[in-house]
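Work through the exercises below with the structure open. Try each task before reading its solution.

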Protein chains: 2
Amino acid sequence: MPPVRAMQLEVGDLDEQGMVLRAPLAANVNDKGCAFGGSLAGLMTLAAWAHASAILDARGFGDAEVYVQDSQVRYLLPLYADLEARAWLNPEQNWTDFVRAFAERGRARARLNAEIRCPDGRVAAAFEGRFVALRPDG
Amino acid sequence: MPPVRAMQLEVGDLDEQGMVLRAPLAANVNDKGCAFGGSLAGLMTLAAWAHASAILDARGFGDAEVYVQDSQVRYLLPLYADLEARAWLNPEQNWTDFVRAFAERGRARARLNAEIRCPDGRVAAAFEGRFVALRPDG
């Protein structure tokens, strides 16, 4: 995906706390010297998408196709540092039910959150999105 | 902005019906052969941002700094064609008030909508976002 390549993103950790993706500021800077909003939104979307995909992959469903259905992004503060997006499953949901639904019906939905923080810990951008995973033949 | 450059976007018309930005599918394709969600969201965000910026520029406020504050995107259909985003001012608002607020207070807010359609006219992705314009010293 050419715009993703241009973002120079790097995959960080995946653990029970969520999924981390990183991208250098230099490749994602806007005309004001801070992170480009499209890169903030894109990195959070990809982190959430990658998180759901990785969960399915780890359960043996590596061929699942995961799509974003809708998303909301809030841009709270300018970010003058490298981008690090962390995505996690919305606390009202759980991965066990998600994986079971996919295994049983070939279709599962999940709501994920993501954030990018400034170096001082304040939230620069916040994301919430709904995703659906489908069997490739679904 | 490197990710924007990678999208290869092209500025279309600006008229009373809104602002159009285009980008070729080949530069914005995902692993499934359709348009990458990040490019859809990014192009709509940029079209809306460019629309508000162009309105201010045409009124003599070319130094205004326009920021996106929040946005919602719905991904409705896969798009297997070049991307064309059209952005327009939310019908509950008007540009006259927006420009007047900016001239008087150096700060103005606007809500904009945007869409990308499939070649058959159905909506592939829909955007709504809030923007703020500030004086550069504001």
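## Exercise 1: one helix, two sides

This is a predicted model. In chain B, helix α3 (residues 95-105) has B:F98, B:V99 and B:F102 as buried residues.

**Task.** Work out how the buried residues of α3(B) are arranged about the helix axis, and what they pack against.

**Solution.**

1. Look down the axis of α3(B). The buried residues fall within an arc of 90°, so they line one face of the helix.
2. Recall the helix geometry. With 3.6 residues a turn, residues three or four places apart in an α-helix point the same way.
3. Turn to the face directed away from the buried side. There α3(B) carries the exposed residues B:T96, B:D97, B:E104 and B:R105.
4. Find the packing partners. The buried residues of α3(B) pack against α2, β5 (107-117) and β6 (123-134) of chain B.
5. Step past the end of the helix. B:G106 follows α3(B), and its phi is positive, near 70°.

## Exercise 2: the fold of chain A

**Task.** Set out the order of helices and strands in chain A, then judge its compactness against the globule rule.

**Solution.**

1. Count the elements. Chain A has three helices and six strands.
2. Read along the sequence. The pattern is α-β-β-α-β-β-α-β-β.
3. Compare radii. Chain A has a radius of gyration of 15 Å, close to the 14 Å given by the globule rule for 138 residues, so it is as compact as a globular protein of that length.
4. Take the extents. The C-alpha trace of chain A spans about 50 × 30 × 25 Å along its principal axes.
5. Check burial. Of the 138 residues of chain A, 40% count as buried.
6. Check contact range. Among contacts in chain A with a separation of 6 or more, 69% join residues 24 or more positions apart.

## Exercise 3: where the chains meet

**Task.** Describe the side of chain B that touches chain A, and say how the two β3 strands pair.

**Solution.**

1. Count both sides. The contact takes 29 residues from chain B and 29 residues from chain A.
2. Assign elements. On the chain B side, α1 (2-7), α2 (37-58) and β3 (65-75) each supply at least two residues.
3. Find the largest share. β3(B) gives ten residues.
4. Sort by type. The chain B side divides into 15 nonpolar, ten polar and four charged residues.
5. Inspect the strands. β3 (residues 65-75) of chain A pairs with β3(B) in the antiparallel sense, over five bridges.
6. Locate one pair across the strands. A:R74 stands opposite B:D70 in β3(B).

Terms used. Residues numbered from 1 in each chain as written. Chains lettered and ligands numbered in written order. Predicted model: local features only at pLDDT ≥ 70, side-chain atom pairs only at ≥ 80, totals over all residues. Contact = placed C-beta atoms within 7 Å. Helix = DSSP H or I, 4+ residues; strand = E, 2+ residues; numbered from the N terminus. Nonpolar A, V, L, I, M, F, W, Y, C, P; charged D, E, K, R; others polar. Pairing = 2+ DSSP bridges. Rg over C-alpha atoms; globule rule 2.2 N^0.38 Å. Buried ≥ 20, exposed ≤ 12 C-beta atoms within 10 Å, placed from the backbone. Arc of directions from axis to C-beta.
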